Amino acid sequence: AGDGPGVSGAFLQTGSTNVVNGWFRLGDSANSTGVYTLSNGVVNVQLQAHVGELGEGVLTIAGGVFQVGENPFCLGDGDFGAGGRGTLYMNDGSLVTSPGVDVWLGEGSNGGAGGTGTMIQTGGAVNIGGWFAIGRFGGAGDLELSGGSITMASGTGGNITLATAPSTGVVHQNGGALTNRSFGGAQVSRT
C-alpha cells in the first residue's frame, strides 16, 4: 500500500492467512501513505518488512500473528532516503521475527539523515529473534511501551541498542515488560 509517488492505500485483514513471498512495504515512495491493519489471522512475510521508506507507513496489529522471516523488520527505513516515517501500533496479537531478524525503529542512510520509526505498544506480544535497535545509524527511534511484552529470544545473542551515533532514540515505559533472554534474561518492567 502506498506504492507510487503521492499515492495512498490501505488494507484491512480480519482473518485467514496472507503469505507475502517478497518484501512487505508500506509508504515506499515519496509523499505516499500505506496503512495495513491486522485484526485477526496471519501475515507471513517470507523476506523483509519495511514500514515507511520514502513515505508514511502505518501498521496496526490488533490481533492475529504478524511474522517476518528475513532481516530486518524496520519502521522508518532511511536506506531509501531521508524523511520516511513508520509507525507500529501494537495493541494485541503478536509480532514474531525469525532467529537473526532484527527490529529497527528509525534507520539512517550510511550515517546520514534517515527515517523515523515509532512503536506504540499497549498490549500483545513482540518476540524478536535478533537485535532491537531504537535509532540506528542516523535514524530517529521512539518506543512507547505501556502494556504487553517485548521479548528477545534466547540463544540469539541479540542486543538492545539505543541511539547509535548519530541517531536519536527515546524510550518511554509506563507499563508492560521488556525482556532480553539472549543474555541471561535481564528484564525491565513497570506496572
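## A first walk through the strands and contacts

1. A good place to start is strand β9, which pairs with strand β11 (residues 116-121) in the parallel sense, over six bridges. In this pairing, methionine 90 of β9 has glutamine 121 of β11 standing opposite. Please keep in mind as you read that this is a predicted model.

2. Strand β9 (residues 85-97) has other partners too. One of them is β7, and the two run parallel, joined by 11 bridges. As a landmark for that pairing, look for threonine 60, which faces tyrosine 89 in β9. Strand β12 (residues 125-128) is likewise parallel to β9, with three bridges between them. Here the pair to look for is leucine 95 and, opposite, valine 126 in β12.

3. Next, turn to the open sheet. Which strands make it up, and in what order? Its six strands follow the order β3-β6-β8-β10-β13-β16, and their pairing is parallel. The edges belong to β3 (24-26) and β16 (160-162); each of these has a single partner strand, so one of its sides has no neighbour in the sheet. On average, and with direction ignored, neighbouring strands of this sheet are turned by 15° against each other.

4. Within that sheet, it helps to pick out one pairing. Strand β8 (residues 73-77) and strand β10 (residues 103-107) are parallel partners, with four bridges between them. Leucine 75 has leucine 105 as its bridge partner in β10.

5. Now for the largest nonpolar core, which has 31 residues. Which of its members touch the most others? They are Phe24, Leu59, Phe66, Phe73 and Phe132. The element that gives the most to this core is strand β7 (residues 56-68), which supplies four residues. Leucine 59 is worth a closer look: setting aside neighbours within four places in sequence, its contacts are Phe24, Leu26, Tyr36, Val51, Phe66, Phe73, Thr87, Leu88 and Tyr89. Phe24, Phe66 and Phe73 therefore appear in that contact list and also among the core members that touch the most others.

6. Glutamate 53 deserves a point of its own. You will find this residue in the loop between β6 (49-51) and β7. Is glutamate 53 buried or exposed? With a relative accessible area of 0%, glutamate 53 is buried, because that value is under 20%. Beyond four places in sequence, glutamate 53 touches Trp23, Arg25, Leu26, Gly27, Asp28, Asp77, Phe80, Gly81 and Gly84. With arginine 25 there is a polar contact between side chains, at 2.6 Å.

7. That contact leads to the salt bridges, of which the model has four. One is formed by the side chains of arginine 25 and glutamate 53, at 2.6 Å from N to O. Arginine 25 belongs to strand β3 and glutamate 53 to the loop between β6 and β7, so this pair ties together parts 28 residues apart in sequence. Arginine 25 also forms a salt bridge with aspartate 28, where the closest N and O atoms are 3.9 Å apart. Arginine 25 is partly exposed, at 32% relative accessible area, whereas aspartate 28 is buried, at 12%.

8. Another salt bridge joins the side chains of glutamate 107 and arginine 136, at 2.8 Å from N to O. Glutamate 107 is in strand β10 and arginine 136 in strand β13 (residues 132-136), so the pair ties together parts 29 residues apart in sequence. Both of these residues, glutamate 107 and arginine 136, are buried. Through shared partners, salt bridges link Arg25, Asp28 and Glu53 into one network.

9. Finally, have a look at glycine 169, which sits in strand β17 (residues 168-173). This glycine is partly exposed, because its relative accessible area of 23% falls between 20% and 50%. Leaving out neighbours within four places in sequence, glycine 169 is in contact with Ile134, Gly141, Leu162 and Ala163. Following the chain, threonine 179 is 10 residues away from glycine 169, and 18 Å separate the C-alpha atoms of the two.

Key:
Residues numbered from 1 in each chain as written. Predicted model: local features only at pLDDT ≥ 70, side-chain atom pairs only at ≥ 80, totals over all residues. Heavy atoms only, no water. Core = buried A, V, L, I, M, F, W, Y, C linked by side-chain atoms within 4.5 Å. Buried < 20%, exposed > 50% of the residue type's maximum accessible area, 1.4 Å probe, protein only. Contact = heavy atoms within 4.5 Å. Pairing = 2+ DSSP bridges. Axes fitted to C-alpha atoms, helices over the stretch in contact; angles between N-to-C directions. Polar contact = N/O pair within 3.5 Å; in protein donor to acceptor, adjacent residues only side chain to side chain.
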